[in-house]
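Here is my note on the model you sent, set out as numbered points. Please read it beside the sequence and the coordinates.

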Amino acid sequence: MQIKLYFEQLHKKLTDLHQQYNKGLLPQTEYQDELALLQKESELILEEWIKFEDALSKLSYSGPDGTVCEQIPVSPLCIDVTDWPEWKQGKAFYDLMMFEQAIPYFSRVLEQYPDFEVARLFLAHAYLATNQLEQAKYHMQFLLDTAKEEDIYHLAAHGLACLQGTLKAYEQAHYYFEKIDLEQVRDEWKGIILFNQAQTLYQLQRYKQSLEKFKLYLHLSPGDWRGPYMVGNVYLQLGDEDTAFAYWFEALQVEENPELLKQMAKHFEQKSLYQMAIQCYQRIFKRDERCLDAEVWAGLAWNYGLTKDIERSQPLFIKALSLFPEEVDLQLSYTWMLLFWNHKHKARKAIARLERQAPAHPLVRGLRGLYEGQFPHVEASVSQQVIKEEEHSGGR
């Protein structure tokens with residue numbers, strides 16, 4: 001397509017300018033002038049794109065049988081397109097996920113038309129996307145208190161619940177979820193609201209209520225691996241490990257998602273089921289041979305190491321360390337494993353490197369103590385690190 005070639009040329013021009021400036025081949029004033037021209041060109045492109053979107057949104061077209069189809073919706077609420085330039089500009093930025101740029105346009109719309117509820121909803125979500133939580137909360141609460149449209153009310157309540165969830169204020173999140181009448185919610189929104197509500201109940205350790213919601217979500221969204229995965233997590237919390245595993249494997253039938261496989265591997269490792277953990281990590285690599293997740297590399301190497309399969313574990317550790325040389329946790333794992341294998345000479349060198357790189361890390365001191373046989377010192381260092389991690393995670 002010509003438009004693709006055009007954008008490739010723009011990208012190349014921008015890259016060339018940047019390289020020439022960095023090499024000192026382009027004066028700063030000329031560099032800034034060229035960037036200003038590119039910025040102007042970008043604005044013109046966006047303006048034309050908005051005009052095209054406006055025309056497209058008003059288009060009715062004939063279906064294969066000659067019948068006239070409904071207009072193409074332009075927003076999740078299928079509202080009529082207005083002729084307000086500020087609204088169209090803000091919506092265009094929002095659709096491009098340029099939330100910071102969308103905010104002033106939505107704000108100007110509300111200055112002129114304070115009752116335009118959809119613009120206020122979009123403004124609230126733009127604030128939420130840019131982590132301006134107080135502003136997002138103000139506009140969502142305003143809509144919750146004043147919305148005339150039931151759809152807006154439900155979206156505002158859901159937005160407030162999710163906002164509180166990001167702050168880990170789960171009781172407050174639950175309060176807002178309770179304001180939503182699922183019977184009155186659009187079918188296309190029920191699934192996401194149910195899932196988020198179930199997650200909130202799970203965090204509140206109300207496992208039976210959470211299970212009920214997750215099972216409803218599973219019925220509504222059978223193609224989402226997160227449904228059976230979370231049902232399995234609830235059963236695990238309820239002490240029914242067999243049922244939990246059954247749901248986890250059901251989730252794998254839906255999608256071999258790497259996050260699901262990692263969580264399963266960690267659980268198997270905690271149960272000393274190292275071979276099953278290895279299988280989970282191997283499935284991730286089978287899915288993506290170029291996996292660049294340090295946690296996956298470390299997990300596979302670690303579990304091979306725990307089975308004392310040094311021939312497989314050590315090359316994996318070395319490869320992982322070459323891929324992720326700054327990952328201190330990976331270096332700690334490898335060093336501990338060297339001690340576990342009684343490779344004292346290699347362990348001593350690894351500990352020395354860690355002492356230079358992270359001298360204050362309690363596990364580094366613990367490894368030194370383990371190497372020197374000072375077991376009480378090791379226990380104290382590990383305990384200190386556990387306390388630190390619990391404080392960081394909120395004590396959960």
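1. One definition is needed at the outset: a residue counts as buried under 20% relative accessible area, as exposed over 50%, and as partly exposed in between. Please also keep in mind throughout that this is a predicted model.

2. Leucine 273 can be placed with that scale: its relative accessible area is 33%, and therefore leucine 273 is partly exposed. Leucine 273 lies in the loop that runs between helix 13 (258–270) and helix 14 (274–287). Together with Phe249 and Met276, Leu273 makes a nonpolar surface patch of about 220 Å².

3. As for the chain as a whole, it has 20 helices and 0 strands, and 40% of its 396 residues count as buried. About 23,400 Å² of the chain is exposed, with carbon and sulfur atoms supplying 52% of that area. Among the contacts with a separation of 6 or more, 45% are accounted for by residues 24 or more positions apart.

4. In soluble globular proteins, nonpolar side chains tend to be buried together. In this model, the largest nonpolar core has 96 residues, and those with the most contacts inside it are Trp87, Phe214 and Phe317. Helix 15 (residues 294–306) gives the most to this core, contributing 9 residues.

5. Which helices help to cover the buried residues of helix 9? The cover includes helix 7 (150–166), helix 8 (170–177), helix 10 (207–220) and helix 11 (226–237). Helix 9 is mostly covered, since 12 of its 17 residues are buried; among them are nonpolar residues such as Trp189, Ile193 and Leu194, but also Lys190, Asn196 and Gln197. Helix 9 spans residues 187–203 and reaches 25 Å from its first C-alpha to its last, close to the 24 Å expected at 1.5 Å a residue. Just after helix 9, glutamine 205 takes a positive phi of about 65°.

6. Phenylalanine 214, one of the residues with the most contacts inside the largest nonpolar core, deserves a separate look. Leaving aside neighbours within four places in sequence, phenylalanine 214 is in contact with Phe195, Ala198, Gln199, Tyr202, Met230, Val231 and Val234. Of these partners, Phe195, Ala198 and Tyr202 are also listed among the buried residues of helix 9.

7. Arginine 348 belongs to helix 18 (residues 344–357). Is arginine 348 buried, exposed or partly exposed? Its relative accessible area is 37%, so arginine 348 is partly exposed. The C-alpha atoms of arginine 348 and arginine 368 are separated by 8.2 Å, although these residues are 20 residues apart along the chain.

Note on methods:
Residues are numbered from 1 along each chain as its sequence is written. This is a predicted model: local features need pLDDT of at least 70, side-chain atom pairs count only at pLDDT 80 or more; totals for chains, interfaces and linings use all residues. Side-chain values use heavy atoms; hydrogens and water are left out. Patches are made of residues with over 30% relative accessible area and no salt bridge: like charges are joined within 9 Å, nonpolar side chains (Val, Leu, Ile, Met, Phe, Trp, Tyr) within 5 Å. Accessible areas come from the Shrake-Rupley method with a 1.4 Å probe; for residues, only the protein chains shown count as cover. A salt bridge is a side-chain nitrogen of Lys or Arg within 4 Å of a carboxyl oxygen of Asp or Glu. Helices (H or I, at least four residues) and strands (E, at least two) are DSSP runs, numbered from the N terminus. Buried means under 20% relative accessible area, exposed over 50%, partly exposed in between (1.4 Å probe, protein chains only). The expected span of a helix is 1.5 Å times one less than its number of residues. Contact means heavy atoms within 4.5 Å. A nonpolar core is a set of buried Ala, Val, Leu, Ile, Met, Phe, Trp, Tyr and Cys residues joined through side-chain atoms within 4.5 Å.
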